[in-house]
Amino acid sequence: MYLPSISELDAAAAIVYSAMAPTPQLSWPLLDRALGAEAWVKHENHLPTGAFKARGGVVYLQRLLQRQPEVRGVIAVTRGNHGQSLAFAARRLGLRTSIVVPHGNSVEKNAAMRALGADLIEYGADFQESREHAQMLAQRDGLHMVPSCHDDLIAGVASGWCELFRAQPDLDLVLVPLGQGSGICAAVAARHALGLKTRIIGVVSSHAPAYQLSFRAGRAIEAPVDTWLADGVACRATWPGALPTILECVDDVLAVSDAEVAAAMRLYHSATHNLAEGAGAAALAAALQLKDDARLKGRRVGLTLSGANVDSSVFLRVLGGA
């Protein structure tokens, strides 16, 4: 379990800020009214790649080159935001990047990764099949395989949580979308380093419930994936490096349906005029689910709008009521 000191997190944040600026945390009156709580939105959708993972990529690759300067190419599996993060960081460092995505992945996320210089490879029906193919290519081609969750990725992502917790240290609760686990492990790391008592609740898609099932069972459980909207949390299996932290340090894991995510995307648009992808709106979807729950009602809650990278065609369906 990765629980670094605040000085370690600040050192990682310095790398992040060499590539991008901090993001704002804003309170929106219409969201407060909808939730019956004081909500602070962490706008990770304002980062250079439109998602929170941009923070982790720059830290991971810079530290990788410090440890292994001979590395010339990296490979990773992604549904989009992790891949954009690595392509963004690799371009700054002169590294070759190969990214494996499942068939049917977001058209616009794929285009963004290619525009950042990544060699995009489409393989497999889901994230797990793509991961296995990426591992084979890494061995075959001598590429460094970047994991989906790693201490350096967590340290970079934690810079955003430190920004939020320092700006709003009295939050009762934060809600965190849960894909492979770097976001929620970063929230735990920042809370621990700053000595806060804020509750942390993870949010999965009810159409990709592996982490919720694993949290309740206390062990890793795989589950099928059939979400059409929240692709950023569409994982069939948990990440072994993240699950122990989640089991020990997270208060609960909630599941939200595609319909609830779509409603949250519409609310973000009408209440804040910010664009949210499916996974990016998952925290708000869970907050709406909890609005009559004592854990949220009348309290101060932090929501991460973790990404804005939704295909235009999908967002038009959502706005139309799909």
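## Getting started

A helix here is a DSSP run of H or I with at least four residues, and helices are numbered from the N terminus. Keep in mind that you're looking at a predicted model.

## Helix H8

H8 covers residues 182-194, so by that numbering Gly-195 comes right after the helix. This glycine has a positive phi, near 70°. H8 itself has 13 residues and spans 18 Å from its first C-alpha to its last, close to the expected 18 Å.

Is H8 mostly covered or mostly open? It's mostly covered, with 11 of its 13 residues buried. Among the buried ones are Ile-184, Cys-185, Val-188 and Arg-191. They pack against three helices, H1 (6-17), H7 (151-167) and H10 (243-249), and two strands, S7 (173-177) and S8 (199-205).

## A four-stranded sheet

Next up is an open sheet of four parallel-paired strands, in the order S5-S4-S3-S6. S5 (119-122) and S6 (144-145) are the edge strands, each with a single partner, so one side of each has no neighbour in the sheet.

S3 (residues 73-77) pairs with S6 over two bridges, in the parallel sense, and Val-74 sits opposite His-144 in S6. Helix H6 (residues 127-141) packs on this sheet, touching S3, S4 (96-101), S5 and S6. The direction of H6 makes about 160° with that of S3.

## Two helices side by side

The axes of H4 (residues 81-93) and H5 (residues 107-115) come within 9 Å and cross at roughly 10°. That angle is why H4 counts as roughly parallel to H5.

Which residues meet here? From H4 it's Asn-81, Gly-83, Gln-84, Ala-87 and Arg-91, and from H5 it's Lys-109, Ala-112, Met-113 and Ala-115. The mix in this contact is four nonpolar, three polar and two charged residues.

Conventions
Residues numbered from 1 in each chain as written. Predicted model: local features only at pLDDT ≥ 70, side-chain atom pairs only at ≥ 80, totals over all residues. Heavy atoms only, no water. Pairing = 2+ DSSP bridges. Contact = heavy atoms within 4.5 Å. Axes fitted to C-alpha atoms, helices over the stretch in contact; angles between N-to-C directions. Parallel < 35°, antiparallel > 145°, perpendicular 65-115°, else oblique. Nonpolar A, V, L, I, M, F, W, Y, C, P; charged D, E, K, R; others polar. Expected span 1.5 Å × (residues − 1). Buried < 20%, exposed > 50% of the residue type's maximum accessible area, 1.4 Å probe, protein only.
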